[in-house]
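Open the model in your viewer and keep the sequence beside it. This tour tells you what to select next and what is there.

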Amino acid sequence: MSRARLNIFLERDHARRLDELAAMKGLSKSSIIAAALSSFLSPDSGDQREAAIAKRLDRLSRQLDKLERDQNILIETVALYVRYFLTVSTPVPEAHQEAARAQGRARFEQFIEQLGRHLLRGRSLVKDVYEEIQPEDGQFFGLDASTGDHRPATPAGSKPEAAP
């Protein structure tokens with residue numbers, strides 16, 4: 001294979017970065033420039049980059065859909081609890097407030113312990129609640145509802161793909 005000799009001019013910063021990359025990778029500067037030029041001139045390189053970016057954007061969209069759903073569940077849960085708590089809680093008489101605070105601290109410690117155990121278990125309470133409400137949507141969490149096998153998640157409003 002014959003090669004042509006070229007003299008090129010680079011920005012100082014680009015030349016410095018090329019030197020660093022060549023040293024780090026143990027390659028010649030010519031081979032790095034040849035690979036970059038080959039990639040730039042390849043007719044498919046743009047399509048490949050676009051496809052890779054589209055795939056990543058789709059994955060990010062699915063993740064954002066899940067986050068939005070989880071956030072809505074969390075907001076509704078907290079709002080419902082606050083409304084319930086404020087509706088059924090009776091004021092504590094002044095004489096019993098210290099005992100109520102002590103009981104509150106003990107309950108909070110129990111809550112933290114239970115939360116820690118739940119998190120170590122590796123399952124999400126949001127997932128548990130959502131699957132109780134809509135068990136047919138288990139695939140939204142990466143599980144096939146019929147088998148419990150892990151599958152890619154599908155965004156809200158879209159239809160899951162057929163199992164392979």
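**First stop: H118**

Select H118, which lies in helix α4, residues 97–121. You are looking at a predicted model. Is H118 buried or exposed? H118 counts as buried, because its relative accessibility is 18% and the cut-off for buried is under 20%.

Now show what surrounds it. Which residues does H118 contact, leaving aside its neighbours within four places in sequence? Select R123, S124, L125 and D128: H118 is in contact with these four residues.

**Second stop: L74 and a surface patch**

Move to helix α3, residues 45–88, and select L74 there. L74 has a relative accessible area of 49%, so L74 is partly exposed; exposed would need over 50%.

Keep L74 selected and add V78, Y81, V82, Y84, F85, L86 and V88. Together with L74, these residues make a nonpolar surface patch. The patch covers about 820 Å². Show the surface and colour this selection to see it.

**Last stop: the whole protein**

Zoom out and switch to a cartoon view. How many helices and strands does the protein have? Count 5 helices and 0 strands. From the N terminus on, the elements run α-α-α-α-α.

Next, colour by accessibility. Of the 164 residues, 13% count as buried, and H118 is one of the buried residues. Turn on the full surface: the accessible surface comes to about 14,400 Å². Carbon and sulfur atoms hold 58% of that surface.

Finish with contacts along the sequence. Among contacts with a separation of 6 or more, 24% join residues 24 or more positions apart.

How values were computed:
Residues are numbered from 1 along each chain as its sequence is written. This is a predicted model: local features need pLDDT of at least 70, side-chain atom pairs count only at pLDDT 80 or more; totals for chains, interfaces and linings use all residues. Side-chain values use heavy atoms; hydrogens and water are left out. Helices (H or I, at least four residues) and strands (E, at least two) are DSSP runs, numbered from the N terminus. Buried means under 20% relative accessible area, exposed over 50%, partly exposed in between (1.4 Å probe, protein chains only). Contact means heavy atoms within 4.5 Å. Patches are made of residues with over 30% relative accessible area and no salt bridge: like charges are joined within 9 Å, nonpolar side chains (Val, Leu, Ile, Met, Phe, Trp, Tyr) within 5 Å. Accessible areas come from the Shrake-Rupley method with a 1.4 Å probe; for residues, only the protein chains shown count as cover. A salt bridge is a side-chain nitrogen of Lys or Arg within 4 Å of a carboxyl oxygen of Asp or Glu.
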